Amino acid sequence: MKRIILLILFSGFIAAKAQEIDLVRLGYNKSDVKSEQTGMAASADGKQLAFVFKDKTIKIFDVDAARFIKRFSGPFSDVFDLQLAPDGKLVMLQGNEIIVLDWKTEEVLVQFSTTGVITKSSYLPTFNLLAVGQREGWVSVYDLNARKEINTFQYKKHHVSALALHPAGKAVAVGVIPVLSEFNPIKLFDIKTGNVLAESPKGVYPMAVFNEAGDQLIVSSLNKLGTKTSIFILDGNSLAQVREVDSKVVWGNAIMPYSGKVAGDKLLGITASLSFNVYDLKAGGIQFTTKSDGFKLPSYYTLGVGNAHPFPLGNSGKFLINSLGNNINQIYDLASNSITGYFFCGANDDFAVVSRDGRVEGTQEALGKVFWTARNSVIRTSLESTYEMGFTPKLLSQIISESDLKLATFEVEKVADKIPVVQVKSVNGVNTPANATFTSSQKMSKVTIEVTQNASEVTELKIYQNSKLIKSESNQGKAVYQADVSLTNSFGEQNYFYVTASSKAGIESEKVKFTINYKGATEAKPKLFLLTIGIDKYKNPKYNLNYAQADADGVAKMITQKSQSLFNEIIPYTIRNEKATKTAVYAALEQIKAKALEQDMIVVYYAGHGVMSGGTDKEKEFFIVPHDVTQLYGRDEMLFEKAISAADLKKYAQAINAQKQVFILDACQSAGALGALEEQSRGAAEEKAIAQLARSTGTFWITSTGSDQFASEFAKLGHGIFTYALLEGIGGAADVNKDQRLTIRELSTYIENKVPELSEQLKGTAQFPSAYSFGNDFPIAVFEK
């Protein structure tokens with residue numbers, strides 16, 4: 001009992017002395033995750049992240065593209081260490097094996113077997129050198145550029161617990177764990193000869209790491225009784241002790257770092273129990289901690305064994321770490337001395353990015369799995385609930401590039417008591433428990449919804465059917481809402497509903513779900529309403545394009561050819577050039593609204609200009625630009641009068657009964673019309689507007705919007721890059737599983753992969769479209785065998 005009390009007291013001392021503690025609380029249910037993350041790494045430039053999972057899945061995330069660009073099955077279910085080399089190769093260590101593979105081709109390039117089981121590793125990206133310490137004191141060093149072993153030597157017959165390659169690439173510092181009362185020094189070995197160049201004072205060393213200049217070696221140590229841990233600075237050449245930086249009295253708790261990275265005058269250390277601590281090498285003491293140390297009594301056999309690196313993200317001063325031991329990774333910012341971001345991922349393509357101040361980005365599935373937790377209650381608020389308030393495109397890239405920011409911490413408990421609570425009171429007069437299932441043969445059903453808490457905080461109540469928004473009502477001060485819903489067998493007899501309420505705090509209520517099985521008459525074969533708009537010729541000729549009309553004609557022709565067998569009838573609406581006015585487009589949408597039934601599908605394709613209005617963030621609006629808009633920027637009143645707004649598209653998406661809706665925008669800004677920073681800002685605002693539009697309506701949006709980069713039109717292709725890839729996909733190339741049916745998700749995935757490939761080939765720079773899919777998947781084309 002005394003030992004436990006001491007542990008609590010000294011742990012409290014550590015927290016009190018630390019200047020900063022990470023307070024953001026995120027969580028997820030393990031049952032919701034396909035596989036546990038077992039390793040991660042970042043490329044030296046911070047542009048790519050690699051993750052490994054227990055089911056052997058390996059995934060590569062592109063920071064600029066804001067999505068996973070590769071997923072495949074690897075050789076290991078667990079990894080001791082993982083590195084992304086500067087040449088783009090993936091280095092994996094496990095047991096007594098080292099594998100270097102090309103993640104693009106999935107080819108194993110070279111494989112090494114070590115003498116003993118690996119206990120420590122050190123990687124030097126500047127020279128692409130890898131050193132591995134092993135049991136029985138073996139050390140092997142590899143030149144990964146030449147793909148060969150440089151040398152293997154032995155330092156006593158104990159396991160290697162500390163290992164650090166010198167920045168000059170010619171020496172390696174090695175520490176081993178002693179037996180019983182025997183203490184050992186850290187020794188500096190010449191890599192090529194294995195000769196000892198210097199020795200430190202004797203001790204127990206679980207970590208060693210050189211500073212950037214190589215003139216200092218920072219080590220962690222444990223005293224003989226295991227009751228005191230210390231951080232020492234040694235001379236990088238002689239290994240003589242220079243000074244002590246930090247020490248803690250503990251009992252049976254290995255809180256000393258097992259691995260680390262020196263950044264300036266700070267040591268970023270990760271302890272045996274995965275706490276991330278920042279030590280001030282000048283002033284001494286701990287400057288920051290994630291406060292995740294727990295009781296850990298390592299055995300002799302495991303003392304010092306392990307690697308959990310802080311990975312620098314280029315020269316940003318940000319570092320990718322994992323101090324939680326789960327699927328949530330963190331981003332530490334040296335300048336602000338805080339965790340500024342979080343990255344969650346699963347073994348499928350799910351990911352979620354969260355900033356310290358509450359901004360979010362990610363896939364629909366991940367945003368529904370990860371939640372904020374309050375400190376003083378059991379309330380959990382999903383990231384999805386904060387989407388409208390905090391969604392930010394390419395958030396990870398923003399977090400990495402942001403500088404000189406001391407972000408305010410988003411604390412969900414400050415708004416938790418204002419979040420509405422919604423309950424489905426009854427369906428067709430029958431009281432409704434949570435997640436209830438009903439059966440009806442009637443086409444129409446009546447739903448009664450009650451806001452049981454914080455009714456005055458509601459701004460809008462929304463009902464979704466099969467993921468598509470079908471009803472919305474602004475708050476009028478009431479707590480009970482009623483709605484008539486029309487059942488369909490578009491996706492089978494099951495009609496999935498959920499209800500949610502937006503609040504003044506910007507956070508949505510938790511979804512309330514129910515299901516109605518429709519046993520009524522089978523509906524007629526669906527119709528396709530196909531609206532294509534292409535504008536080459538603008539009233540202001542400086543906005544003219546070359547292939548917008550050809551793009552729209554090509555899409556209309558290809559979809560008609562490949563979708564005929566899916567539909568009873570394809571009803572085209574063709575609007576080109578000077579006929580493409582706001583009045584004409586709205587007239588077509590009104591006709592579709594009047595005719596379309598739940599089982600039908602609508603596809604809206606637009607090729608032309610897209611633009612954001614000016615004003616504050618709340619005032620900004622995305623528009624697609626008809627023929628008669630003569631000025632894109634500086635005349636917002638013209639946009640509101642003559643252009644087609646995202647707000648109006650949202651109204652039509654909700655009002656049109658068709659459950660299956662696809663909007664495809666090959667829209668660009670006018671090249672050179674804006675400065676680079678303004679263009680980047682408007683592009684991000686555009687993407688945010690479209691993502692929120694897709695989510696709020698439960699429809700599919702595939703877009704090339706963002707800047708003039710996607711306006712690239714090539715005579716060689718006869719189309720813009722985006723639409724060329726779209727036509728290839730609908731033509732059959734996107735049917736990757738070869739089942740002769742192309743679904744909208746297959747098509748969007750193909751476009752997301754093909755456009756960067758084409759743009760890199762034709763322009764030398766990979767460019768990335770955006771796809772937002774918040775509705776159910778469904779086929780859009782069928783191919784003959």
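**Exercise 1. Find out how confident the predictor is in this model, and where its confidence drops.**

Start with the whole chain: this is a predicted model, and its pLDDT averages 87, with 89% of the residues scoring at least 70. Next, look for the weak stretches. One is residues 1-19, where pLDDT stays under 50 and the model has 20 contacts beyond four places in sequence. Another is residues 706-711, also with pLDDT under 50, and here the model has 21 such contacts.

**Exercise 2. Work out where glutamate 621 sits and what surrounds its side chain.**

First, place it: glutamate 621 lies in the loop that runs between strand 46 (601-612) and strand 47 (622-625). Then check for a charged partner. A salt bridge needs the two charged groups within 4 Å, but the nearest side chain of opposite charge, lysine 651, is 8.9 Å away. So glutamate 621 has no salt bridge, even though it's buried. Now see what its side chain does reach: the backbone nitrogen of alanine 647, at 3.1 Å. Last, list the neighbours. Beyond four places in sequence, glutamate 621 touches Val611, Met612, Ser613, Phe640, Ser645, Ala646 and Ala647.

**Exercise 3. Explore the largest nonpolar core.**

Begin with the best-connected members: of the 81 residues in this core, Leu383, Leu531 and Tyr606 touch the most other members. Helix 10 (residues 676-697) is the top contributor, giving 6 residues. Zoom in on leucine 383 next. Setting aside residues within four places in sequence, its contacts are Leu26, Ala352, Val354, Val360, Leu367, Val370, Phe371 and Trp372. Finally, look elsewhere: a separate core holds 39 residues, including Leu566, Ile721, Ala781 and Phe783.

Technical notes. Residues are numbered from 1 along each chain as its sequence is written. This is a predicted model: local features need pLDDT of at least 70, side-chain atom pairs count only at pLDDT 80 or more; totals for chains, interfaces and linings use all residues. Side-chain values use heavy atoms; hydrogens and water are left out. pLDDT is the predictor's confidence in each residue, from 0 to 100. Contact means heavy atoms within 4.5 Å. Helices (H or I, at least four residues) and strands (E, at least two) are DSSP runs, numbered from the N terminus. Buried means under 20% relative accessible area, exposed over 50%, partly exposed in between (1.4 Å probe, protein chains only). Lys and Arg count as positive and Asp and Glu as negative; His and the chain ends are not counted. A polar contact is a pair of N or O atoms within 3.5 Å; within protein, one must be able to donate a hydrogen and the other to accept it, and residues adjacent in sequence count only if both atoms are side-chain atoms. A nonpolar core is a set of buried Ala, Val, Leu, Ile, Met, Phe, Trp, Tyr and Cys residues joined through side-chain atoms within 4.5 Å.
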